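Me: Could you take a close look at one part of this model for me? I would like to hear about the small open sheet and what lies around it.

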Amino acid sequence: MSTTATPTKPFEFISSSLSLSSNISFSRRLIGEEEQHHRHRHRRRVVPPPCHHHRHRKVRTFAAASSSSSDDDGGGGGGGGNKSSTFAEEEEEFSSDSNIVDLELHVEARQSYLAYAMSVIVGRALPDVRDGLKPVHRRILYAMHELNLDHNKPFKKCARVVGEVLGKFHPHGDQSVYDALVRMAQDFSMSAPLVNGHGNFGSMDNDPPAAMRYTECKLRQLSQDMLLKDVEMDCVEFADTFDGSQQEPMVLPAKLPNVLINGSTGIAVGMATSIPPHNLMEVADALVVFARAAQKGEQVKLEELLRVMPGPDFPTGGVIFADNKDANNDNNNNDKNDSGRSTSNRNALRNLYRDGRGGVTLRGVAEIVPRTKVSSRKRSGKTAKKDDKAAAEKSLDRDIVISSIPYMQNKATLVQQIADLVNNRQIEGVADVRDESDRDGVRVVVEMKRSGDAEAVLNSLYKRTKLQVKVNVNVTALVGLTPKVLGLMEVMQEFLDFRIDVIRKRAMYSLEKDRARMHIVEALLTVLEDTDAVIKMIRKSKDGKEAMENLREMKGLTTVQSEAVLQMPLRRLTSLESGKLVEERDQLLSSIKGNQNLLDNTSAVIDVVCEEALEVKKKHGIPRRTTIETDTSSSIEVEHEIPNNDSLIIMSSRGYIKRTRPETFKAQRRGTRGKSMSKLKGSDSIAKVMHAKDLDRVFFFTDKGNVLTVRAFDIPEASTTAQGTPFTRFVDIDKGESITAILSLEPSALMKKKTPNEPQEGEDEDETFLVMITLNGVIKKVSAKEFASIKRNGKRAIALDEGDKLKQVLVAKNGDSVLVGATDGTLIRFDVDSVRKLGRMSRGVRAISLKEIKSSSKEASKAKGVEEDDDDENDDDDDDDFIIQAEDDEDDEGDDNEEEEQEEENDILDFGNDDDEPLVASVEHFEGGAAKVAGMAIIQKSEIDREGPWVVFVSEKGRGKRVKVSDFKTQIRGGAGIRGIKFNSGDSLAAFALIGKTDDDSIEEAIIVGSQLGVANRFQCASIPEMGRYAKGGTLMKLKKEDAIKSFAVIPAATAE
């Protein structure tokens, strides 16, 4: 099925676009509505005598002198009357000219635009379906053919060829002609190059070719064999050149559909074409299959052609993935058969070749290889020594080697694109990018770091760079003078019809030529039978005219034969020459018989079509360079690009956020000042630190009860000395709103399980919930499914009372227990099941009764309603000086870093005068009034009956301890709780968390404790000794007087190791 771009006549679609109304409105904008009709009457068009070029046509416009006429009628000055009469005489003079006609402006615009559109479509942009060439390419090849620049002849300067084309055939710019010539010589642009270039003809890095005065060229043998071989045999139409001095072919007698082999791209008026290149051998086979079916009178199926020509073959290689989206669109617009078309890649290619429109995804070839293969070709181009190879083979390092890039892509731009992504930290794990390409081919090496994930980086390159591109296909070509969208079947049919016509015209030309020669040979043989008599008669003749008359009378020859006999050299009278004439006569008889058979028998013509196509295939065919993937998809999910590594999300109170690796913070001596987490400016401080996986969804809960979300890997990774990225770059947050809680969650926890009989009410046993606790002790349980889809501006998570803020959010399931702790050191434990599941817009229920904080810690410990265990009465003041013992760290290591740490602290203490409202809420200090919630922890169902895990407490002044969870008995929700930790005066609970969640109750986690001034310490939880509920704990981290603990993150066991 072909789609004609012109409904009935060529270019009628352009004419229809220029409506009368649009042209009238155009005229009105120029001359005003009040004079529109009057001035149109006086618009004249000068029609020149017949000329080859319409550009000599002139349009003259006359304006009526209405004002002069009115002056004359009113008795105005004589000057006005003279001007009017002069104008009238001039108008009468021009009106008497037969070359001037009245013409409306919109008519002239329409006709001029049609002429322009026709010139662009036919003469510039679209290829001819018969030889696959645009006029400029056809003229270049024909000019080179006339210059005898055959493949076995010496090269000539390209400037000589360009001058020949400009002077005889193509009156346009020399640079456009040279650019077209250069492209036909580039093996990375043409599947089958038609010109043999000598010199710099550009590169895949978009380097320009040398000037035409430096480069040389000649025809390739393929051009002569496939396109130009029979051009003088009167088998194609010729037309006058632009100046009428010569003639040029309107089409070349191609033996194969070059429109498929080399493809074409172009933008015309109202249409465009984009035909991908194909393999010459496959195109030849497809033509043979189509022709043989036509020879038998059968209709070949598209699948039969696709078996021998499965898809495009790009000169730069690569891997093709058909676009399933186009296949789906085609399936929706056409009748389905066989219970509906499959949307597989193979069917997508079928639909592309059926309709002539579609698209394919082209991916460059890249492989992950051991470092030894990369180092085998050094930057200097020399081969590495065998000893170096043997040593490299032992390395487990792997790199990415790109050996081909997509068609028509700039290699230098691709390398720069990769480097930019690495420098901007959008791709992690890349150490270096090198272009090692040479005359042997493309080779781009992406050197990986030891910690880098090569598979993830390669997927990122496919998704984020031009290593994978979409190639749109639009097979629009000229059929005669009509542009049409053609499917593969239509292309083959048009070419076969053209090829049959060419062979018949060639046979007719050869037949006439053979018959003319046979006429002469027969006369020569007749004369040789009686040579002596003929010679005697010629000698007796008075002159040549008399000799011709005597020959006609003596032997019955025609005038042409007599002339040939008289011009015959004497050497033809030998017996050897007589034998050659007999042999030539036999050959001519055979040729005449064959050519006559071609004229009478179409089947014989098709045999010739197939034979010549297979001959070109055998002589010039090359194997396919592009592979086709029909069973896999080219789509790359973003999760496949990113390795699921552990990260720390660090957020400052001013809204700067970054992602860093936990291993950045090495275990240090207990009681030291720690290491800086981030570069802070002014009064900024570290507000939140949380552990997350790179593929997790990070939820940010605000003080107004809203929730925002960001994918963890979208947060740029940065060093400890970097400030981070503004949080508002990822989400939209209202002015005055601040972040109070953050939570990381695996994407699987947000997926809704679809069951056929899902109950309308009740809770799934395995359902995941988000448990929220506010600063004033209100708890709420919401299904995690409610947060599966969150827009950039967020959504409501909880309704808050006035003055209340969301403190913390954790994940829980039915059967788990929850621990809620207050800043005064009291904790309450109750079942998650006791909290009813609510909707997002609900408020929540009471979790703990918060009490008044007294001036001293002893009075606070005796507050009303706080349970005290008789077993734990070891409230000794000696705990105040207790310091946790350090791990086996060398003493000099801490001393060496002390000066550097002191410098970092001095930088942090350099406050500014920034009065901006913080984006992230700070840890609040409560010296009086009611206590506030300090945090929350979830005890999983499987951990309830074990002796472990432990609760780790950290106070604002840097003291901490761990207590067994079993020491906290389950209570009724809403109670006052029991004592969990005691404090010195002015101290309070900053945070607590659950550790030791392994089956054997071992403690393998690590914790990172961060201060308000951005200093962090990391140490193993196992080094924190277990204490009773009334102990004050030991010093975890030395703090300055104005500093306080502000963040607390637990590093899982696998990462902590």
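Reply: Happy to; here is a walk from the sheet to its packing helix, then to a pocket and two loop residues.

Please keep in mind that this is a predicted model.

Let's begin with the sheet. Three strands make up this open, antiparallel sheet, and their order is 5-7-6. Strand 5, residues 156-157, and strand 6, residues 195-198, stand at the edges with a single partner strand each, so one side of each has no neighbour in the sheet. Strand 7 covers residues 216-219 and is joined to strand 6 by four bridges, the two running antiparallel. If you want a pair to find in your viewer, take Val-195, whose bridge partner in strand 7 is Leu-219. Helix 7, residues 135-146, packs on this sheet and touches both strand 6 and strand 7. The direction of helix 7 makes about 90° with that of strand 7.

Helix 7 also leads us to a pocket. The second largest pocket has a volume of about 1400 Å³. It is lined by 42 residues, and those closest to its centre are Ser-119, Val-122, Gly-123, Pro-135 and Arg-139. Helix 7 is one of the elements that give two or more residues to this lining, along with helix 6 (105-125), strand 8 (238-240), strand 9 (247-249) and helix 20 (488-529). Which element gives the largest share of the lining? That is helix 6, with seven residues. By residue type, the lining of the second largest pocket divides into 21 nonpolar, 10 polar and 11 charged residues.

Two loop residues deserve a look at their backbone angles. Most residues other than glycine have a negative phi. Asn-148, in the loop between helix 7 and strand 5, has a positive phi of about 60° although it is not a glycine. With a relative accessibility of 47%, Asn-148 counts as partly exposed, the cut-off for exposed being over 50%. Asp-234 lies in the loop between helix 10 (221-228) and strand 8, and its phi is also positive, near 55°. Is Asp-234 buried or exposed? Its relative accessible area is 52%, so Asp-234 is exposed.

To retrace the route in your viewer, start from strand 7, which is bridged to strand 6, and follow helix 7, which touches both strands. Helix 7 then takes you to the lining of the second largest pocket, and the loop between helix 7 and strand 5 brings you to Asn-148.

Methods: Residues are numbered from 1 along each chain as its sequence is written. This is a predicted model: local features need pLDDT of at least 70, side-chain atom pairs count only at pLDDT 80 or more; totals for chains, interfaces and linings use all residues. Side-chain values use heavy atoms; hydrogens and water are left out. Two strands pair if DSSP finds at least two bridges between them. Contact means heavy atoms within 4.5 Å. Axes are lines fitted to C-alpha atoms, for helices over the stretch in contact, and angles run from 0 to 180 degrees between N-to-C directions. On a 1 Å grid over the protein atoms alone, a cavity is a set of points where a 1.4 Å probe fits but cannot get out, and a pocket is an open set with protein on both sides within 12 Å along at least five of seven lines; lining residues have an atom within 4 Å of a point. Grid points are joined across faces, edges and corners, and a volume is the space filled by probe spheres set on the points. Ala, Val, Leu, Ile, Met, Phe, Trp, Tyr, Cys and Pro count as nonpolar, Asp, Glu, Lys and Arg as charged, and the others, Gly among them, as polar. Buried means under 20% relative accessible area, exposed over 50%, partly exposed in between (1.4 Å probe, protein chains only).
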